Amino acid sequence: MTSTPGATPPASSLDPAIAARLKRGADGLVPAIAQQYDTGEVLMLGWMDDEALHRTLTTGRCTYWSRSRQEYWVKGDTSGHVQHVRSVALDCDADTVLVKVDQTGAACHTGDRTCFDADALSLGK
C-alpha cells in the first residue's frame, strides 16, 4: 500500500485514542527514533505516519514512511537488517515515537551499525 502523507493522513487502522494524541508535522509525519533495547544505543531516525505506526505496533517490525520514495518500507525487507520491536513509546508531547528494537546487522543505509557514529562533531572545548 503506497500513500502520500499530508495534512490529512490516509485512512489507518491505528487505535483512535493513539491517533488523537499524536502531534504530526505539516506533512502528517512524526519522527521515530530507533534505539537498541538492551544497550540504549541510538540507531537511526525514521518517519512514521499513522499507518506506519499501526503496522509497527501490530507486526513487531519497524515500518517507516520513506520521504524520498513516497512509500512505506519495513526495515530489513531488502537488506536483511531487521528491527524486531521490543517496545514503543510516545514522548511527553506526543510528537516523537521511541521504538526500542533488537537490531540485526547495520541500522544505517551506509552499512554502519548506527547512523550516528560516523560524523561526531567537536564540542569546541
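Helices (H or I, at least four residues) and strands (E, at least two) are taken here as DSSP runs, counted from the N terminus. The model on display is a predicted one, and the tour starts in a loop.

Select Gly76 first, which sits in the loop that joins strand S4 (71-74) to strand S5 (83-90). With a relative accessible area of 11%, Gly76 is buried, because buried means under 20%. Leaving aside residues up to four places away in sequence, Gly76 touches Arg61, His81 and Val82. If Gly124 is then added to the selection, the C-alpha to C-alpha distance from Gly76 comes to 37 Å, for a separation of 48 residues in sequence.

Move next to helix H2 (residues 50-59), and pick out His54 within it. His54 is buried as well, its relative accessible area being 18%, and, once residues up to four places away in sequence are set aside, His54 touches Ser12, Ser13 and Leu14.

Now show strand S1 (residues 30-36) together with strand S2 (residues 42-48), which pair in the antiparallel sense over six bridges. Val30 can be found opposite Met48 of S2, while at the turn of this hairpin, where five residues stand between S1 and S2, Gly40 has a positive phi of about 85 degrees.

Finish with Val42, which belongs to strand S2 and counts as partly exposed at 38% relative accessibility. Selecting Val42 along with Leu45 and Phe116 brings up a nonpolar surface patch of about 280 Å², made by these residues.

Definitions and conventions
Residues numbered from 1 in each chain as written. Predicted model: local features only at pLDDT ≥ 70, side-chain atom pairs only at ≥ 80, totals over all residues. Heavy atoms only, no water. Pairing = 2+ DSSP bridges. Patch = residues over 30% accessible without salt bridge, like charges linked within 9 Å, V, L, I, M, F, W, Y side chains within 5 Å. Areas by Shrake-Rupley, 256 points an atom, 1.4 Å probe, with all protein chains shown as cover. Salt bridge = Lys/Arg side-chain N within 4 Å of Asp/Glu carboxyl O. Buried < 20%, exposed > 50% of the residue type's maximum accessible area, 1.4 Å probe, protein only. Contact = heavy atoms within 4.5 Å.
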